[in-house]
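Me: I have a structure open on my screen and would like to learn how to read it feature by feature. Could you walk me through some examples?

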Amino acid sequence: MLDQEFSGFVNANRLQLYLERGGSGETVLYISGTGGDLRNKPNQFDSPLARYFNLVCYDQRGLGQSDKPDGEYTMADYADDAAAVLDLIGEESIRVVGVSFGGMVAQELALRYPRRIRSLLLLCTSSGGGGQPSYPLHELEALTPTERVHRHLQISDTRRDDAWVQAQPEQWQQLMDISLRARRPDRDEVGAMKQLNARKLHNTFDRLASLDMPVLLMGGLHDGIAPPQNMRALHAALPNAELRFYEGGHLFFIQDRQAYPDMLEWLASS
């Protein structure tokens, strides 16, 4: 059993995963997005979630300080890793928050282990398949760093088109500089690419109708990575889901001040 405050390595699904647990309140398993690394600050422990819930967060396989096993990774692997973390927590059922790629893992986790999930909060994510995949981020890895960041910033928030860039040169350059510095020099590029390769094969769409736990879907109106139409497809496929949109892009939850209060209220009642 994990202590309410913990940071270190745990044995889960035959891997050593780096895990942190902290915050006040009932337990929430938080599954991070593409390239998630708990060494990056600020992170979810600096968000309002940690003031109201006890967060359990971990670096997924291939990322951060966790093991980077040989072979290709699948979405089932990521879901089984998350289920092994649930075993360490030891609670019968738990609230799960999945952000972007973490939302894909959370879908697969709920499908494979539905009785373990009390409620499911999915942010800026997609089902794949008939519900459409998220933007193919693996394709950006072939670009130069500057080209990759430029493209990523524009798809993260579709309001940042070429006209916006030309009209806001100082703000754009600041975003470019921050984003170029954000990729850690010690990032494991092989592990990160394996995650992207698993991501491109994600497909839960035809299985989602079997899920009956409460689900809240939250998305950004200007998100080009998990566009609104993808979130609407998830909503149509899930029998017990609510969908809310916010003024922002892929990071709407830090762009729209109403997002976190809504998140906290829903989690508290679910």
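The turns below take up cysteines, strands, a helix, backbone angles and cores.

Me: What kind of model is this, and how are residues numbered?

Reply: It is a predicted model, where local features need pLDDT of at least 70 and side-chain atom pairs count only at pLDDT 80 or more, while totals for chains, interfaces and linings use all residues. Residues are numbered from 1 along each chain as its sequence is written, and side-chain values use heavy atoms, with hydrogens and water left out.

Me: How many disulfides are there?

Reply: A disulfide is a pair of cysteine sulfur atoms within 2.5 Å. By that rule the count here is zero. The sulfur of cysteine 57 lies 15 Å from the closest cysteine sulfur, in cysteine 124, which is too far for a bond.

Me: Is cysteine 57 buried or exposed?

Reply: Buried means under 20% relative accessible area, exposed over 50%, and partly exposed in between (1.4 Å probe, protein chains only). Cysteine 57 is buried, with a relative accessible area of 1%. Cysteine 124 also counts as buried, at 1% relative accessibility.

Me: How many residues of strand E7 are buried?

Reply: First, the naming: helices (H or I, at least four residues) and strands (E, at least two) are DSSP runs, numbered from the N terminus. In strand E7 (residues 215-220), six of the six residues are buried, so this strand is largely enclosed by the rest of the structure. Both faces are covered: Val215, Leu217 and Gly219 are buried on one side, and Leu216, Met218 and Gly220 on the other.

Me: Which strands pair with E7?

Reply: Two strands pair if DSSP finds at least two bridges between them. Strand E6 (residues 117-123) runs parallel to E7 and is joined to it by four bridges; leucine 120 stands opposite valine 215 in E7. Strand E8 (residues 241-246) also pairs with E7 in the parallel sense, over six bridges. Across that pairing, leucine 216 has glutamate 242 in E8 as its bridge partner.

Me: Why does the length of helix H2 agree with what is expected?

Reply: The expected span of a helix is 1.5 Å times one less than its number of residues. Helix H2 (residues 75-89) has 15 residues and should span 21 Å, and its end C-alpha atoms are 21 Å apart, which agrees. H2 is mostly covered, with eleven of its 15 residues buried; among them are Met75, Tyr78, Leu86 and Ile89. Just after H2, glycine 90 takes a positive phi of about 85°.

Me: What should I look for in the backbone angles?

Reply: Most residues other than glycine have a negative phi, and most peptide bonds are trans. Asparagine 13 has a positive phi, near 55°, and lies in the loop between strand E1 (6-12) and strand E2 (15-22). Arginine 14, in the loop between E1 and E2, has a positive phi of about 65° and is exposed, with a relative accessible area of 79%. A cis peptide bond joins lysine 41 and proline 42, with omega about -5°.

Me: Which residues have the most contacts inside the largest nonpolar core?

Reply: A nonpolar core is a set of buried Ala, Val, Leu, Ile, Met, Phe, Trp, Tyr and Cys residues joined through side-chain atoms within 4.5 Å. The largest one has 42 residues, and those with the most contacts inside it are Leu29, Ile31, Val96, Leu109 and Leu120. The largest share of this core, nine residues, comes from H2. A second, separate core of 26 residues includes Tyr18, Cys57, Leu123 and Ala226.
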